[in-house]
Amino acid sequence: MVFSCKQCGTCCMYMGDYIEIEHQIGEFEFECSSVSTGTPFLARVDENKRAIFSDKTWLDEHSTACRFLRPEGNLIRCTIHETSPAQCKYYRCVVMRVFNRDGTLLGTVTGNLSLHSDNRKLRDCWEEAELTISHLSADAETQFQKALEAYGYRVE
Ligand code: SF4
Ligand code: SF4
């Protein structure tokens, strides 16, 4: 599945504690760290997002959001996309959608191959597949898709 980020901001809404601003070193430059990986990085606000970054109204109303997130029209955008950490740049919230035979959506799978579903049977199938498929293998995504299809699910 080709992933296209819709810039909805959902995945960044609770990242305020994970993307930490250590020091402001310029009007639009910050020394930061990515708490989950312990990696320091230099964040520079993208030139075309400096106006929206400077308006802190939305941020004040969303205390858990990443400090670099801002609304723009119907989008909620990362204002440091060019210098954001790798795990942000390459994050994919959905790489597979899993349906039953009737076409009902039962769950989704993220880019790091985590299943999100409240369907017990699907979760059991996924856990069984995990016993034989390594998340690290280059074609893990394809292998999981085939395993789910073998269980009778439709995967897109
Ligand atoms: S990656 Fe994040 S911003 Fe992009 S569509 Fe998914 S939840 Fe929304
Ligand atoms: S740096 Fe950008 S992509 Fe990463 S959590 Fe913050 S707003 Fe989201």
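**Ligand surroundings and a four-stranded sheet**

Trainee: What is the space taken by ligand 1?

Mentor: This is a predicted model, in which local features need pLDDT of at least 70 and side-chain atom pairs pLDDT 80 or more, while totals for chains, interfaces and linings use all residues. Residues are numbered from 1 along each chain as written, chains are lettered from A and ligands numbered from 1 in written order, and side-chain values use heavy atoms without hydrogens or water. The space that ligand 1 takes (more than half of its atoms within 2 Å of the grid points; a pocket being an open set on a 1 Å grid over the protein atoms alone, with protein on both sides within 12 Å along at least five of seven lines) is the largest pocket.

Trainee: How many residues of the shell around ligand 1 are charged?

Mentor: The residues around ligand 1, with a heavy atom within 4 Å, are F3, C5, K6, C8, G9, T10, C11, Y91 and C93. By class, with Cys and Tyr among the nonpolar types and Gly among the polar, the shell has 6 nonpolar, 2 polar and, as charged, 1.

Trainee: How many residues around ligand 2 are nonpolar?

Mentor: Around ligand 2 stand C12, M15, I19, C66, L69, C78, I80 and C88. That shell has no polar and no charged residues, and the nonpolar count is 8.

Trainee: Which are the edge strands of the open sheet?

Mentor: The sheet has 4 strands (DSSP E runs of at least two residues, paired by at least two bridges) in the order β8-β7-β6-β9, with antiparallel pairing. Strand β7 (residues 105–109) pairs with β8 over 2 bridges, and V109 stands opposite L115 in β8. The strands that pair on one side only are β8 (115–116) and β9 (154–155).

Terms used:
1 Å grid on protein atoms, 1.4 Å probe; cavity = no way out; pocket = protein on both sides within 12 Å on 5 of 7 lines; lining within 4 Å.
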